[in-house]
Amino acid sequence: MATATDLPAILGGNKSISLCQDEALRWPLIDTADEDAVLGVLRSGDISIHPVVQELEDAYKERTGRNYALTHNNGTSAILAGLHAIGVQPYDEVIVPSATWWSSVMPVLHCGGVPVFAELEPDCLGLDPEDVERKITDKTKAIVIVHLFGLPSKIDELVRIAKKYNLKILEDASHAHGAVYKGKPIGSFGDVSVFSMQGNKLCPSGEGGILLCDSEEMYESAIRLGHYERLLGLESKNKYFAATGFGFKFRMAPMSAALALSQLNRMDERNAQRNENCRVVSEKLEALGFDTFIPENDITRVYFEFLVRYNEANIGLPIGDLVKALQAEGARVEAPRYPLLHQQPVFTHHVWSKIARLPATPENPIHVYDESDLPLTTLGNGTLLKLPAFPSANKELLAQYALAFEKVLSHADDLPRTT
Ligand SMILES: Cc1ncc(COP(=O)(O)O)c(C=O)c1O
């Protein structure tokens, strides 16, 4: 049996991971229940408007305890609708994280809003509440909270700040279907909350998203923006806009909704499987000096993705070389996930203000970012290592991953440095 003292594969030893990983890591998991659900819609012929969409909305309302749910053709359009519903106007500032997928931020521009990046905090990889408070001005309208990789942000602190300064919260829960924060489901904390149901999310639909809120006004505002077909059914004056809507068409395809609803039936069980598998690997990695982002007891995270923090200073092997050595062992690991948004050309040049159609004025000078801004975010993001989230892995595969790490780290001093 292979042991940690064996030669690492990068130095000519045998690979730690010999088992086939394709099935163990496959996602999404599609079975006959999913096929039947999608075929049911297809065979009905009602492939554009179908009651399954409302069933999906009802299921999410129930899970999150929200008054209103509105499905969208993707999470990005749901975020745009959410910012619109919150009332983001030209020159309003919206505090956002930089380490996230662009969809948490770019829609701000299409409301004419000004994204203001705040630092990431190292414990839950969400917005740092202290930096958020520092970045608040009299133009701040909202905060976008992202539960990165399925790890709930510091919600209590962020909600307290939002209340103190009368700010709205858009909760981007795209990575965190099924997570729970102090007894309350993720998706219940924003004035508007959004889940993406894109194909690799925990409730995959192919393409899809859902917006949740408690305010009828916000709900109708989102309907006006992207769901003209629902306007006629409203009691309010919004029904008079039924012939035009407000210019977007965001409704979700029913075959995607059918898939999401079918996936939702098994989501908790599948989340639990990922959690258990990631817990097993986390225990081993913690013992090797990694921070695996296990939340406090009253918080249940989920594993959209499994990222861990590598302490390069303690181990002395650059993260790039660690990754190469682990990959040589057969581990499907990668260095950091998201290119930081404040370092992208859109924000290091005046492009963002052009997208937002915001000319500079004496009261509103246009700020551009420098790559060196947000040093804590750059540092925190740069030390992350991504592992598979092990959706269907067995104990043997998990043990082989643990061995790969043990072996590589026990030979850290002998490994080639190339980065
Ligand atoms: C954090 C986050 N927010 C929003 C989105 C947007 O979702 P969609 O791809 O469904 O438009 C994603 C998608 O990957 C995401 O990761």
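Start with burial: colour the whole protein by accessibility. Buried residues account for 55% of its 419 residues. Keep in mind that this is a predicted model.

Now show the outer surface. The accessible area is about 18,100 Å². Carbon and sulfur atoms hold 53% of that area.

Zoom out to see the overall form. Along the principal axes, the C-alpha atoms fill a box of roughly 75 × 60 × 35 Å. The radius of gyration is 23 Å, which agrees with the value near 22 Å for a compact globule of 419 residues.

Switch to cartoon view. The protein has 15 helices and twelve strands. Next, turn on contacts. Take those between residues at least 6 apart in sequence: 72% of them join residues at least 24 apart.

Select the charged residues. There are 40 positive and 55 negative charges. Their mean positions lie 3 Å apart.

Now select residues 395–410, which form helix H15. Its 16 residues reach 22 Å from the first C-alpha to the last, close to the 22 Å expected at 1.5 Å a residue.

Stay on H15 and show side chains. Which residues of H15 are buried? They are Leu-397, Leu-398, Gln-400, Tyr-401, Ala-402, Leu-403, Ala-404, Phe-405, Lys-407, Val-408 and Leu-409. Lys-407 and Gln-400 are on that list along with Leu-403 and Phe-405.

What covers these buried residues of H15? Select helix H1 (22–25), then helix H9 (254–287). Add helix H10 (312–315) and helix H11 (319–328). Finish with strand E12 (384–387). The cover of the buried H15 residues includes each of these elements.

Notes
Residues numbered from 1 in each chain as written. Predicted model: local features only at pLDDT ≥ 70, side-chain atom pairs only at ≥ 80, totals over all residues. Heavy atoms only, no water. Helix = DSSP H or I, 4+ residues; strand = E, 2+ residues; numbered from the N terminus. Rg over C-alpha atoms; globule rule 2.2 N^0.38 Å. Buried < 20%, exposed > 50% of the residue type's maximum accessible area, 1.4 Å probe, protein only. Contact = heavy atoms within 4.5 Å. Areas by Shrake-Rupley, 256 points an atom, 1.4 Å probe, with all protein chains shown as cover. Lys, Arg positive; Asp, Glu negative; His and termini not counted. Charge placed at Lys NZ, Arg CZ, Asp CG, Glu CD. Expected span 1.5 Å × (residues − 1).
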